Amino acid sequence: MVGAGIVGATAAWQLARRGVRVDLVESGETGPATAAGAGIVQPWRPAASGPWADYSDLTGALYPQLAADLAAESGQDPSYAAVGGLTVSRDVAGLRDTATALESARLSRGWTGVGEVALLAPGEATERFPVLDPAFAAVWTGGVGRVGGRQFRDAALVAAERAGAVRRPGRAELLTDGGRVRGVLVDGQALDGDVVVLAAGAWTTELCAPLGLRLGLGPMRGQIVHVELPGRETAGWPTVMTLGEEHGHHYALAFPGGRVVVGATREAGAGFDSRVTVAGQHQVLDAALALAPGLADATVLETRVGFRPVTTDGYPLLGAVPGWAGLVLATGLGANGLTYGPLTGVLAADLAVGEQPPVDLTPFRPDR
Ligand SMILES: Cc1cc2nc3c(=O)[nH]c(=O)nc-3n(C[C@H](O)[C@H](O)[C@H](O)COP(=O)(O)OP(=O)(O)OC[C@H]3O[C@@H](n4cnc5c(N)ncnc54)[C@H](O)[C@@H]3O)c2cc1C
């Protein structure tokens, strides 16, 4: 296993608990997406239909149980909670359309993960997220969750180790033998294995380059700000997103202890430049105040920067690589990897042991 983000850590845990011998190699790059991710778990974005549909349904169905299993097997809190979500706007007609579409999809597709759907008038949304601009109306979806990427990843690492996985700090390079990947080289030491699972996020492209593979995968920088509302209990606050592009890709969510997270930039041209920039900081805080003016007096705690692993067509890379026996790719979840990462880790584990995953992964074939 290469990469200990949410995908690789989950896959290592899933393999180890099946009794498979696992070496988990992690190089500690600057800006791993999992450590910066906001944590909104909303498995009916980005699309309710097409290749994402079954994947989304399965994610919605599995996430709460997977988080509960992880808590039990790691003894740590993976920090997942079904807090519900607000999609806010001043466009009440647009919100009504969204609520109707969600409700009918919930009934027709059996989307239990969406939870209760309700239209909230201006003012009502503020009762649930008290620093929100009271002029916003909202659609409430009770099934939205939030998760701390670092906590989920760390719990998965502990559970993996408890089940027998061995963590190997260092940068992996692929070792090949004819048309087969036979293992990895880590700081000069060869680790042989039947299968190498690459879950190296945005760095997967450079790892595969020596094999002549062109993946159509690269980094999209995100800058995201954590603030604190001293003395406020925020653990149960819902996530807040905007309808369409009203405020770009901006949102807010909360964690226990008064911590509110506001994000995020989406910067496709920044490469692996991990700096916090003036424009990025300004954009995020400006949008945060437009959404939630009650944050004006919050304390700025930190800005995190991470590289989302994005593909040119927006679909993940999940599956074996034709022409290279012993290689499985599991990455490319872009802006939705804290939502889809745990399921992707589970399915990568299935693929590594030669089991048929329960959903059709053809659209996500790495060689498409
Ligand atoms: C600002 C921001 C906000 C986000 N918000 C959300 C959100 O609200 N909801 C949501 O669902 N998703 C969100 N995401 C997306 C999500 O965080 C990512 O899609 C997800 O974390 C990707 O996980 P990963 O395991 O594929 O990659 P990563 O977390 O990037 O992990 C890859 C790991 O591989 C390691 N690695 C790289 N090269 C090597 C090598 N050669 N050898 C060994 N190890 C290596 C790296 O050090 C890294 O730890 C957000 C992302 C960002 C940046």
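**Reading a ligand site and a pocket**

Colleague: How much space lies in the second largest pocket?

Modeller: About 360 Å³. Keep in mind that this is a predicted model.

Colleague: And which residues lie nearest the centre of that pocket?

Modeller: To read a pocket, start with its lining. Here 19 residues line the second largest pocket, and M1, R21, G193, D194 and V195 are the ones nearest its centre. Then look at the elements they come from: β1, β9 (180-186), β10 (189-192) and β11 (196-198) each give at least two residues to this lining. By type, the lining has 13 nonpolar, 2 polar and 4 charged residues.

Colleague: Okay, now the ligand. How many residues surround it, and which are the closest?

Modeller: A residue joins the shell if one of its heavy atoms lies within 4 Å of the ligand. In this model 40 residues do, with E26, T34, I40, G334 and T339 the closest. They divide into 21 nonpolar, 15 polar and 4 charged.

Colleague: Which helices and strands each supply at least two residues of that shell?

Modeller: On the helix side, α1 (6-17), α2 (33-36) and α9 (337-352); on the strand side, β1 (23-26), β12 (217-228) and β17 (299-311). You've met β1 already, in the lining of the second largest pocket.

Colleague: Where do backbone atoms come in?

Modeller: For polar contacts, look for N or O pairs within 3.5 Å. A backbone N or O atom of A33 sits 3.0 Å from a ligand oxygen, and a polar backbone atom of G39 is also 3.0 Å from an oxygen of the ligand. For N336, the distance from a backbone N or O atom to a ligand oxygen is 3.2 Å.

Colleague: How much of the ligand's accessible area does the protein cover?

Modeller: On its own the ligand has 1000 Å² of accessible area, and the protein covers 98% of that.

Methods. Residues are numbered from 1 along each chain as its sequence is written. This is a predicted model: local features need pLDDT of at least 70, side-chain atom pairs count only at pLDDT 80 or more; totals for chains, interfaces and linings use all residues. Side-chain values use heavy atoms; hydrogens and water are left out. A polar contact is a pair of N or O atoms within 3.5 Å; within protein, one must be able to donate a hydrogen and the other to accept it, and residues adjacent in sequence count only if both atoms are side-chain atoms. Accessible areas come from the Shrake-Rupley method with a 1.4 Å probe; for residues, only the protein chains shown count as cover. Helices (H or I, at least four residues) and strands (E, at least two) are DSSP runs, numbered from the N terminus. Ala, Val, Leu, Ile, Met, Phe, Trp, Tyr, Cys and Pro count as nonpolar, Asp, Glu, Lys and Arg as charged, and the others, Gly among them, as polar. On a 1 Å grid over the protein atoms alone, a cavity is a set of points where a 1.4 Å probe fits but cannot get out, and a pocket is an open set with protein on both sides within 12 Å along at least five of seven lines; lining residues have an atom within 4 Å of a point. Grid points are joined across faces, edges and corners, and a volume is the space filled by probe spheres set on the points.
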